[in-house]
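Here are some exercises to try with the sequence and the 3D view open. Have a go at each task before you read its solution.

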Amino acid sequence: MNSGRPDTSLWGPGKAMFDDVYNLSDPAAYWQRLAPLDYQTPEIAAGFYRSLLGSLAVARGRGSLKLIDLCSGYGALPMMLNHDLQPGTLHRLYTDPKRAAQPDDAGRIAYDRNMLQRRKAAAQHRIAGVDVAENALRYSRTVGLIERAFVEDLENDAPSAELARWAADTDVIVEAGGMGYVGEATISKLISAAEDGRKPWVLSMPVRTVDTHGLEEMLADHGYAVEHSSKTFRHRRFHDQSEQTAALDRLADFGIDTGGAEIDGFYRARLLVARPTAEAAAWPIQALLPAA
Ligand SMILES: C[S@@+](CC[C@H](N)C(=O)[O-])C[C@H]1O[C@@H](n2cnc3c(N)ncnc32)[C@H](O)[C@@H]1O
């Protein structure tokens, strides 16, 4: 049954919903809603992903890689991956009064494009965004954050022929803030579309309340080694007491000892790195990411 709202069954009960700000023509309302909750995952994830992409690009002898950003939204992760930006830029940009004073969407898009143009990173990865939110992807492509926009729901449908073509030689699938909305079904379809011998790395930051067992089993069946950071990272503040209580109950159900985390009022995420076993053995994760 499709209620028109995102499926959060992998998250478990009690998650606050933000879907009314996921598909607007301008990202400002999304970032204004998330500002008090201190949403941090795209920036934290991008720090790790940039290191891993750098190593992979060197190993493959290429300056840049081909990516799929799942649940791409307004392009937060592409922004952090392809630009040199200070922490806090996402929140600052979209709550900037000078930006808000622009007369219309066209003015705001020109403002964003100009800011991004001046901060392009040396390595420009080719990124396709996948999301069910058509307006968000249109914004992201218009300001130049993504090369291709695929408005598709792979939890429920097969990828279009064009997305399957993009996935055939994709180097890395990345995501931030989307795991739980998507999972095993979406990622297995993209991996299955990859050419033989070119399985993409999968880099994700699932919140600890999201059930990733099915995803990890599927990845192992496809010949992947799945590794997690030993550390956890703040994702965002709980919306309210009831969301926190539901999260703590969920973690207890999973047998996870929070060790004091989550009690401070933040969801915690862990880095998940899935790579074909031969590559995982050749490049130990501890050597690539000593801080994780
Ligand atoms: C928390 S937002 C994260 C967006 C972006 N990655 C960020 O960090 O700002 C979750 C995103 O998942 C998208 N989403 C929800 N269900 C989806 C599905 N079945 N397939 C693809 N995207 C989905 C939403 O439209 C939304 O853009």
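**Exercise 1. Find out how β4 and strand β5 (residues 201–204) pair, and which residue stands opposite Val-172.**

Step 1: β4 and β5 run in the parallel sense and share three bridges. Helices (H or I, at least four residues) and strands (E, at least two) are DSSP runs, numbered from the N terminus, and two strands pair if DSSP finds at least two bridges between them.

Step 2: Look across from Val-172 and you meet Trp-201 in β5.

Step 3: Now add helix α9 (residues 184–192): β4, α9 and β5 together make a right-handed β-α-β unit. Right-handed here says that, with the strands pointing away from the viewer, the path from the first strand over the helix to the second runs clockwise.

Before you go on, two notes on what you're looking at. This is a predicted model, where local features need pLDDT of at least 70 and side-chain atom pairs count only at pLDDT 80 or more, while totals for chains, interfaces and linings use all residues. Residues are numbered from 1 along each chain as its sequence is written.

**Exercise 2. Work out which strand pairs with β4 besides β5, and whether the faces of β4 are covered or not.**

Step 1: Strand β1 (residues 66–70) pairs with β4, also in the parallel sense, over four bridges. One of the bridge partners is Val-174 in β4, which goes with Asp-69.

Step 2: In a regular strand the side chains alternate between the two faces of the sheet.

Step 3: In β4 (residues 172–175), Val-172 and Val-174 sit on one side, Ile-173 and Glu-175 on the other, and all of them are buried. A residue is buried if 20 or more other C-beta atoms lie within 10 Å of its own, exposed if 12 or fewer, and partly exposed in between, with C-beta atoms placed from the backbone.

**Exercise 3. List what Val-172 touches, leaving out residues up to four places away in sequence.**

Step 1: Val-172 touches Leu-53, Leu-56, Leu-65, Leu-67, Pro-200, Trp-201 and Leu-203. Contact needs C-beta atoms, placed from the backbone, within 7 Å.

Step 2: Zoom out to the largest nonpolar core, with its 70 residues: Val-172 is among those that touch the most other members, along with Tyr-49, Ile-68, Leu-77, Ile-173 and Leu-203. Such a core is a set of buried Ala, Val, Leu, Ile, Met, Phe, Trp, Tyr and Cys residues joined through C-beta atoms within 7 Å.

**Exercise 4. Place Ala-76: is it buried or exposed?**

Step 1: Find Ala-76 in helix α3.

Step 2: Ala-76 is buried because 27 other C-beta atoms lie within 10 Å.

Step 3: Beyond its neighbours within four places in sequence, Ala-76 is in contact with Pro-42, Leu-90 and Ala-176.

Step 4: Glu-43 is 33 residues from Ala-76 in sequence, yet their C-alpha atoms are 8.2 Å apart.

**Exercise 5. Compare Asp-38 and Glu-262: what is the phi of each?**

Step 1: Most residues other than glycine have a negative phi, and most peptide bonds are trans.

Step 2: Asp-38 has a positive phi near 60°, and Glu-262 has a positive one of about 65°.

Step 3: Asp-38 is in the loop between α1 (28–34) and α2 (41–59), while Glu-262 is in the loop between α11 (241–253) and β8.

Step 4: Asp-38 counts as partly exposed because it has 13 C-beta neighbours inside 10 Å. Glu-262 has 23, so Glu-262 counts as buried.

How values were computed:
Two residues are in contact if their C-beta atoms, placed from the backbone, lie within 7 Å.
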